[in-house]
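This report covers a buried-or-exposed assignment for one side chain and the layout of one sheet. The sequence and structure come next.

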Amino acid sequence: MILGVDYYPEHWDEARWPVDAQLMQEAGISVVRLAEFAWSKLEPREGDYQFAWLDRALGVLGERAIQAVLGTPTAAPPAWLIEKHPQVLPVDEWRRPLGFGARLHRCLANPTFRHYSRAITAAMAQHYAAHPSVLGWQTDNELTGNRCYCDVCAARFREWLERKYGSLDALNRAWGTPFWSQEYTAWTQVPLPWQTTCGPMAHNPSLLLDYRRFASDITVEFQHEQVEILREHCPEHFVTHNFMGLHDAINYYDLARDLDFVSWDNYPGGSAALPHDVMRGIQGENFWVMEEKCGHAGWNTMGPIPRPGQVRAWAWQAVGHGADAVVFFRWRSCRSGTEQFWQGILNHDAVPGRRYREIAQLGREFRQFAPDLEGTSPENDVALLYSYDQIWALQIQPQVPGFSLGLWLERYHQALHRLGVGADVVSTEADLSPYKLVIAPPLYLLDDALAARLDRYVAEGGHLVASARTGVKDGNNCAREETLPGPLARTLGIAVEDYDAIGQGGTNVVALADGARFKVSLWCDLLRLEGAKQVARYMRDFYEGVPAISVHNHGKGRAWYVGTVPEERFFRHFLRGIVEGLRLRMVPDLPKGVEVAARQGDRGRILVVTNLTPHKQVVHLQDACEDLFARAIVTEAIELHPFGVRLLRTTR
Ligand SMILES: [Zn+2]
């Protein structure tokens, strides 16, 4: 278990560095991330690399046994670069270039910018390859899809399309361009989705989806260049990147392919359980939190300060979900620039206070329990499917306002969470065979290959929950021809005869066989059962009595279909029945705001129980557990202080 902090020595007088390093060591901090925005300090003039200051900082930290992750500083290009090469500035959808003055003022496709990115990366990699304090690298900072609309991007997009489709005929067929006379006869005719070219109309949804894929690929390619250089010069170092949880403007599965592990920046608003699970699922491995909130966040205005114990609870929650390192952002609130009010472990005055003491407590706990947690990782019976293509296609055409993949994912995940059932969030490409239950939010884009894999999974004994708006489109974002749910109709044993987009203002009610009733909104599929059984029927409107939710025995398994968007409490009721039927591990009846996450190891499971509320809470256990903090056996109810944490070992 690693406790770390993001540190900006270049913001402070060197005389302060040894004091900072000593305080860090005393708090149990053993890793710092450095330099990810320090380009103007590392290369103040073109080709004039200045590493002496960073060498001295690493030396001061090294004397306190603190090691470093170095960031390539390419998220903040210096003023001299922009003055000399203004063409590297990104262009927005109205074809306006961004200027110098904040950060991210670069187009990642621009060959001139690529040249400077490679040069600074190579210079740093060569200089630090053998440095005893450097553990590894973070590429850039919080990369996102390069949704730039410059001329370079337009040319690269056309090349990307040519590689993908091979011919204009194929592209015209895939995109259905006879609509509105959009057939292309030369690659140069294909636009980027500029706002200036479509005015109040909308671009072709097929073009919009391919543009998002392209923009993601450009960023992946940009990072790949840096990773190649780092691997060449620093084969002993790890390479990671700080992802952003539920951020969805880039395909994180692709971005992670070049990396040793995923790390991410966690600034919890609500529960961070879902983003932690999404992040772990990107590679299916434990991860780092590279920026963990330790005070209030703020640029020009501020939010509430974390309550006593809350920072510690967030950190343990991260560990429960698979974090092997928690690196806090940032060491000390900075005195200048945009993020002056983003609170560090220390305030501007650098006097250690409550948050410092809390993190030092965490440092002692991480050291104490590292042997117990070593080699453990979350292992779950349930998978939720996740896909950037699905997210993007539903962002382009949300069906009704408020309908999104995220809405479904959150409802399913939160219901499982309240039932104390851990879930992996995995790619639609993932191997599903380890899972007893697979829950699929809308598979709006459904190709035959994915449908066949899901069908086989169920036929061979798996359990699948599918959702409304499944099987609507092909991979090119054109509607499929079959009756919905398209290629999954046989698996689900239903036909969607018609649908009613009732929207956010519309409501209906569904009734289950056990008498339970739930409000539904947004969307109502009208099902015809073709082998499936009814789980719930509509209570209102002209489709009163028509099935809304179904279940089908298919091969050795079962498949449910939820054809409407029920209120939150439905999901807990519905999934509880399934989870109990399958006898999956659960800790039912958890109080709201209390969560149980589990890490599996050779010596049993370690349950990380966190109370994320400012109130005392009681959790009822199903089995006897060893309380690792108290070194005692607990058998029934355990009490948690406000923002309290327990580590429980169970052999079950
Ligand atoms: Zn561009």
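A residue is called buried under 20% relative accessible area, exposed over 50%, and partly exposed in between (1.4 Å probe, protein chains only). H296 counts as buried because its relative accessibility is 10%. The model is predicted, so local features need pLDDT of at least 70 and side-chain atom pairs count only at pLDDT 80 or more, while totals for chains, interfaces and linings use all residues. Residues are numbered from 1 along each chain as its sequence is written, and side-chain values use heavy atoms, with hydrogens and water left out.

H296 sits in the loop between β8 (287–293) and α12 (310–320); helices (H or I, at least four residues) and strands (E, at least two) are DSSP runs, numbered from the N terminus. A polar atom of the H296 side chain lies 3.2 Å from the backbone oxygen of F341. With neighbours within four places in sequence set aside, the contacts of H296 (heavy atoms within 4.5 Å) include M302, P304, F341 and W342.

The sheet is open, has 10 strands with mixed pairing, and runs β11-β10-β12-β13-β18-β17-β16-β14-β15-β19. Two strands pair if DSSP finds at least two bridges between them. The edge strands, each pairing on one side only, are tabulated here.

| Edge strand | Residues |
|---|---|
| β11 | 423–427 |
| β19 | 564–566 |

Strands β13 (residues 463–467) and β18 (residues 557–562) pair in the parallel sense over five bridges. Within this pairing, L464 has A559 in β18 as its bridge partner.

Note on methods
A polar contact is a pair of N or O atoms within 3.5 Å; within protein, one must be able to donate a hydrogen and the other to accept it, and residues adjacent in sequence count only if both atoms are side-chain atoms.
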